[in-house]
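Student: I would like to learn how to read helices, aromatic pairs and nonpolar cores from a set of coordinates. Could we work through one example?

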Amino acid sequence: MAADELSVVTRTTDDGVVLIRVRGSLDAWSGCSELADALADAAGRSTGRTVVDLSGVEFADSAGLHALLSGRQRHEETGGRLVLAGPLGVSVRRLFEVTGTLGAFRFADHVDTAFG
């Protein structure tokens, strides 16, 4: 996978949590629709919690943020919970800080702590 390619892998854990692992660049050129589709599908399930592992995201822009915000809204509408897990790269954390959206999401320092 080239550094700018997006990889989205979804699986459901034994306890019913949907885990979405994102790797590469989460931007307009990488096709954020794959993440948006995975988040919409997860929100439609009755598991209640979705964890998005962003630790492998090297870069994210407003298109990636839009996909995450839409996913958060869908989860709220269905009574689910969306948790973003890191550790976040500097540029990804900066995107949340600059846009004032840090408070819009639940964050976990690591995927393992997002399940608790």
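Tutor: We will take the helices, then the aromatic rings, then the cores, bearing in mind that this is a predicted model.

Student: What span should the 12 residues of helix α1 have, at 1.5 Å a residue?

Tutor: The expected span follows from 1.5 Å times one less than the number of residues. For α1, residues 33-44, that gives 16 Å, and the end C-alpha atoms are 16 Å apart, so the two agree.

Student: Which residues of α1 are buried?

Tutor: A residue is called buried when its relative accessible area is under 20%. In α1 this applies to Leu35, Ala38, Leu39, Ala42 and Ala43. They cover an arc of only 135° around the axis, which means they sit on the same side of α1. Asp37 and Gly44 are exposed on the other side of α1.

Student: What covers the buried residues of α1?

Tutor: The cover includes four strands and a helix: β1 (6-12), β2 (18-26), β3 (49-60), β4 (81-85) and α2 (62-77).

Student: How does α2 read by the same steps?

Tutor: With 16 residues at 1.5 Å a residue, α2 should span 22 Å; the distance between its end C-alpha atoms is 22 Å, which agrees. Its buried residues are Gly64, Leu65, Ala67, Leu68, Gly71 and His75. These cover an arc of only 160° around the axis, so they lie on the same side of α2. Ser62, His66, Glu76 and Glu77 are exposed on the face turned away from that buried side. Among the elements covering the buried residues of α2 are β2, α1, β3, β4 and α3.

Student: How is an aromatic pair described?

Tutor: Two values are used: the distance of the ring centres and the angle of the planes. There are three aromatic pairs in this structure. In one of them, Phe96 and Phe107 are edge-to-face, at 5.2 Å centre to centre with 80° between the planes. Phe96 belongs to helix α3 (residues 90-99) and Phe107 to strand β5 (residues 106-108), so this pair ties together parts 11 residues apart in sequence. Phe96 is buried, with a relative accessible area of 1%, while Phe107 is partly exposed at 31%. Phe107 also pairs edge-to-face with Phe105, at 6.2 Å centre to centre and 70° between the planes.

Student: Is Phe105 buried or exposed?

Tutor: Phe105 counts as buried, because its relative accessibility is 8%. Phe96, Phe105 and Phe107 form one aromatic cluster. In addition, the charged end of Arg72 sits over the ring of Phe105, 6.0 Å from the ring centre.

Student: What is the general idea behind a nonpolar core?

Tutor: In soluble globular proteins, nonpolar side chains tend to be buried together. Here the largest nonpolar core has 25 residues, and the members touching the most others are Ile20, Leu26, Leu54 and Leu68. At least two residues of this core come from each of β1, β2, α1, β3, α2, β4 and α3.

Student: Which residues does Leu68 touch, not counting residues up to four places away in sequence?

Tutor: Leu68 touches Leu26, Leu35, Leu39, Val52, Leu54, Leu82, Leu84, Phe96 and Phe105. Apart from the largest core lies another, of eight residues, including Val17, Val51, Val83 and Ala85.

Student: Where is the cis peptide bond?

Tutor: The cis bond joins Gly86 and Pro87, with omega about 15°. Pro87 lies in the loop between β4 and α3.

Definitions and conventions:
Residues are numbered from 1 along each chain as its sequence is written. Side-chain values use heavy atoms; hydrogens and water are left out. Buried means under 20% relative accessible area, exposed over 50%, partly exposed in between (1.4 Å probe, protein chains only). The arc is that of the directions from the helix axis to the C-beta atoms. Contact means heavy atoms within 4.5 Å. Rings of Phe, Tyr and Trp (its six-membered ring) pair if their centres lie within 6.5 Å; planes under 30 degrees apart count as stacked, over 60 as edge-to-face and the rest as tilted. A charge sits over a ring if NZ of Lys or CZ of Arg is within 6 Å of the ring centre and within 35 degrees of the ring normal. A nonpolar core is a set of buried Ala, Val, Leu, Ile, Met, Phe, Trp, Tyr and Cys residues joined through side-chain atoms within 4.5 Å.
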